[in-house]
Amino acid sequence: MQKWQDLFDAIEFEANKGTLFKQIIPEKVFQALRQIEQNWTYRWMEKIAELDIDPAGDDPRVITLPAGLKLIRALKLDSNPLNELRPEEFDPSATGTPTGYFRQGNRVIWLSSKPEEGGHISLVYDKFTMQEELDPEAWHPILEHGGAALIATTMMLLAPTAREPSWLELYSPQATQGIHTLHVWDEESRMADNEVIFGGGIGE
């Protein structure tokens, strides 16, 4: 499959219900993809972001994180690593050069102190695929390496809407096998970089 529309069409054909589910298939595909990404971290989810600190901002300690963040892998301020703080370690009145950060949910981090000068944040993180990325004409790695897993998982999510409980049992083995195949691809892609870590871990 070369684009999302190919997958939407394949699921519509698989459901064999005509155009009855045409409007909801993209939403169910997104739900299936999010389920797969929540249970595993794949190579395509690994991202890097560069953020700037504005010392003249309302509160330069507050850094807005990229949308869809799943996990922070590494955070540096001007090449100096920042460590995640426990709540009791965070001092809201601290000033000077930050040495750590406190994460508030998935959208914001607070630097451990208020920087007196600007700085540059480098963020290595894992990111969920966002719904707007499922443009019908767009491509995604899972279409090439995990299409079977995504189709089977989507069909299971469609089962209640279609009033087809048998789909849960029918597509469960296919989803399991498809995800296994996806994991094999993920492991092999990491082996190419000498990172033989199954499922998105960081090499020692």
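How many bridges pair β1 with strand β8, and in which sense do the two strands run? β1 and strand β8 (residues 119-127) pair over 8 bridges, in the antiparallel sense. The model is a predicted one, in which local features need pLDDT of at least 70 and side-chain atom pairs count only at pLDDT 80 or more, while totals for chains, interfaces and linings use all residues. Residues are numbered from 1 along each chain as its sequence is written, and side-chain values use heavy atoms, with hydrogens and water left out. Helices (H or I, at least four residues) and strands (E, at least two) are DSSP runs numbered from the N terminus, and two strands are taken to pair if DSSP finds at least two bridges between them.

The pairing of β1 with β8 belongs to an open sheet of 4 strands, ordered β1-β8-β3-β4 and paired antiparallel. Since β1 (46-53) and β4 (80-81) stand at the edges with a single partner strand each, one side of each is left without a neighbour in the sheet. Individual bridges help to place the strands. Between β1 and β8, E50 has S122 of β8 as its bridge partner. On the way to the other edge, β3 and β8 run antiparallel and are joined by 7 bridges; here the bridge partner of I72 is Y125 in β8. Strand β3 (residues 69-77) also pairs with β4 in the antiparallel sense, over 2 bridges, and L77 stands opposite N80 of β4. As a general reminder, strands of a sheet pair through backbone hydrogen bonds, either parallel or antiparallel.

Another open sheet is formed by 4 strands in the order β2-β7-β6-β5, and its pairing is mixed. Its edge strands are β2 (62-64) and β5, each of which pairs on one side only. β2 runs antiparallel to strand β7 (residues 108-111), with 3 bridges joining them. Among the residues involved, V62 has W110 in β7 as its bridge partner.

The loop between β5 (83-84) and β6 (100-104) holds A94. With a relative accessible area of 19%, A94 is buried (buried means under 20% relative accessible area, exposed over 50% and partly exposed in between, with a 1.4 Å probe and protein chains only). Leaving aside residues up to four places away in sequence, A94 touches S112, S113 and K114, where contact means heavy atoms within 4.5 Å. A94 and G118 are 24 residues apart in sequence, and their C-alpha atoms are 16 Å apart in space.

Turning to the helices, the axes of helix α1 (residues 4-15) and helix α2 (residues 25-39) come within 10 Å and cross at roughly 105°. Axes here are lines fitted to C-alpha atoms, for helices over the stretch in contact, and angles run from 0 to 180 degrees between N-to-C directions. α1 and α2 are therefore roughly perpendicular to each other, a term covering angles of 65 to 115 degrees, with those under 35 degrees counted as roughly parallel, those over 145 as roughly antiparallel and the rest as oblique. α1 contributes W4, L7, F8, I11 and E12 to the contact, and α2 contributes I25, P26, V29 and L33.

Aromatic residues provide a further set of contacts. Rings of Phe, Tyr and Trp (its six-membered ring) pair if their centres lie within 6.5 Å; planes under 30 degrees apart count as stacked, over 60 as edge-to-face and the rest as tilted. By this rule the count comes to 6 aromatic pairs. One of them, W167 with Y171, is edge-to-face, at 6.4 Å centre to centre and 85° between the planes. These two residues are 4 residues apart in helix α5 (residues 166-191), which means that about one helical turn separates W167 and Y171. W167 counts as buried at 8% relative accessibility, and Y171 is buried too, with a relative accessible area of 4%. Elsewhere, ring pairs link Y42, W44 and W185 into a cluster. A charge also meets a ring: the charged end of R34 sits over the ring of F128, 4.4 Å from its centre. For this assignment, NZ of Lys or CZ of Arg must be within 6 Å of the ring centre and within 35 degrees of the ring normal.

Finally, the backbone deserves a look. Most residues other than glycine have a negative phi. N16, in the loop between α1 and α2, is not a glycine and yet has a positive phi of about 55°; N16 counts as exposed at 66% relative accessibility. R163, in the loop between α4 (147-162) and α5, likewise has a positive phi of about 55° without being a glycine, and R163 counts as exposed at 67% relative accessibility.
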